[in-house]
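Visitor: I'm new to this one and would rather know a single part well than skim everything. Could you pick one piece and take me through it closely?

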Amino acid sequence: MRKPSISHIHLADFGAIDLSIPVLTYGSGRPTLSLVAGVHGDEVAGLFVFNELLQSIDDFKGQLRLIPSANPVAQALSLRASPRDNLDLNRIFPGRADGQLPELIAYRLMKILSDSDVVIDFHSFGLRNPIMAIFADCGDDTTRQRSFEYICAFGPEMIWLLDIDNKLDLNYKGAMAPALAARGVPNFAVEMPANHRMTQEQVEEACQGIKRVMALAGMCERESEAPEEPPMYRRSDVHALESGLFYPSKDIMSPVKKDEIVGHLSCIRTFQSEEIRAPREGMLLQIHTRDFVITGQSLFSMGIPAKRV
């Protein structure tokens with residue numbers, strides 16, 4: 001493993017603390033692949049992927065740039081959002097130079113990532129889920145096509161099609177992916193399982209996917225072939241209408257019919273059990289484990305088969 005060149009993106013004086021984001025750069029020149037983790041501070045799966053990758057790769061052309069702590073205060077406190085203002089960093093891109101701390105972070109990240117040839121942003125879901133890539137179908141035609149090719153090279157189990165003009169996805173208009181696509185930077189996000197559910201096999205699969213992206217970018221020779229083009233879905237969440245004990249009865253990546261039972265919810269005030277049914281036909285992309293859930297919490301998400309615009 002090569003030794004990295006370590007630099008820092010200075011953010012601000014956080015009280016008496018000099019707050020900055022570390023950037024680890026391996027190699028030099030072009031092309032440049034940037035890997036990002038920690039946009040949501042409580043999502044650490046990407047860090048295990050980075051560590052595994054660095055143990056298994058050495059000889060490549062260009063630059064491999066790692067940003068393991070994109071949201072450093074939230075990561076240090078294991079929080080999804082900024083502890084001071086509760087802003088979600090992945091909803092406020094491209095950020096502002098004169099904004100609140102998360103807006104400043106978004107702005108500074110955009111400055112350094114905009115010169116990349118491809119960017120992969122690693123996240124993890126709280127629900128059970130397969131390795132999922134998010135394709136932001138925006139930007140010019142060249143950027144869209146290149147992003148999709150990189151996703152197929154990565155080889156996720158499925159693709160979540162993100163259309164920021166669709167009512168299902170309006171909440172993601174300020175995510176990193178659309179902001180980079182608008183600047184012509186091919187990119188995609190990866191949703192790994194949460195760290196306590198992620199297997200070593202899934203970590204290794206993600207590493208092989210990164211290596212295939214590097215090969216497609218001209219950074220190294222291809223070590224493995226990508227699987228067939230993965231299925232693509234729009235995603236629709238189903239939320240709990242009351243607090244209670246949720247018992248799932250279906251597994252992820254299972255086809256379900258409209259009104260089919262997906263689980264049961266036992267109200268903690270009466271311990272009466274209610275059937276939770278699928279609101280439409282589709283693929284079960286994610287589902288909560290057996291657990292206590294509160295009103296409004298996501299129980300599962302349905303995948304609606306989709307094609308690129």
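Guide: What follows is a close look at one strand and its neighbours, with a few other spots afterwards.

This is a predicted model, so local features need pLDDT of at least 70 and side-chain atom pairs count only at pLDDT 80 or more, while totals for chains, interfaces and linings use all residues. Residues are numbered from 1 along each chain as its sequence is written, and side-chain values use heavy atoms, leaving out hydrogens and water.

Our piece is strand 4, residues 63-67. (Strands are DSSP runs of E, at least two residues long, and helices are runs of H or I, at least four, numbered from the N terminus.) Look at the sheet it belongs to: 12 strands make an open, mixed sheet, in the order 1-2-4-3-5-8-6-7-9-16-14-11. (Two strands pair if DSSP finds at least two bridges between them.) At the edges sit strand 1 (5-14) and strand 11 (254-256), each pairing on one side only. From one strand to the next, the twist averages 30°. (Axes are lines fitted to C-alpha atoms, for helices over the stretch in contact, and angles run from 0 to 180 degrees between N-to-C directions.)

In that order, strand 4 comes between strand 2 and strand 3. With strand 2 (residues 17-27) it runs antiparallel, and 4 bridges join the two. Find Y26, and you'll see L64 of strand 4 standing opposite. With strand 3 the pairing is parallel and has 5 bridges. There, S34 stands opposite R65 of strand 4.

Now for what covers it. Helix 1 (residues 45-56) lies across strand 4 at about 150°, and also across strand 2, strand 3 (32-36), strand 5 (118-124) and strand 8 (187-192). Helix 3 (residues 101-113) packs on the sheet too, touching strand 1, strand 2, strand 3, strand 4 and strand 5, and its direction makes about 155° with that of strand 1. (Contact means heavy atoms within 4.5 Å.)

Is strand 4 buried or exposed? Here 5 of the 5 residues are buried, so strand 4 is largely enclosed by the rest of the structure. (Buried means under 20% relative accessible area, exposed over 50%, and partly exposed in between, with a 1.4 Å probe and protein chains only.) Both faces are covered: Q63, R65 and I67 are buried on one side, L64 and L66 on the other.

R65 deserves a second look. Its relative accessibility is 6%, so R65 counts as buried. What does the side chain of R65 meet in a salt bridge? The partner is D115, at 3.1 Å from N to O. (A salt bridge is a side-chain nitrogen of Lys or Arg within 4 Å of a carboxyl oxygen of Asp or Glu.) Since D115 lies in the loop between helix 3 and strand 5, the pair ties strand 4 to a part 50 residues away in sequence. D115, at a relative accessible area of 36%, is partly exposed.

By that rule the count comes to 15 salt bridges. Another of them joins E223 and K211, at 3.8 Å from N to O. It links E223, in the loop between helix 6 (200-216) and strand 9 (232-239), with K211 in helix 6, 12 residues apart. At 57% relative accessibility E223 counts as exposed, while K211, at 8%, counts as buried.

Back toward our strand, the loop between strand 2 and strand 3 holds P31. The peptide bond joining R30 and P31 is cis, with omega about 0°. There's another cis bond from F93 to P94, where omega is near 10°. P94 lies in the loop between helix 2 (72-76) and helix 3. N86 has its place in the loop between helix 2 and helix 3 as well, and this residue has a positive phi of about 60° without being a glycine. At 62% relative accessibility, N86 counts as exposed. For background, most residues other than glycine have a negative phi, and most peptide bonds are trans.
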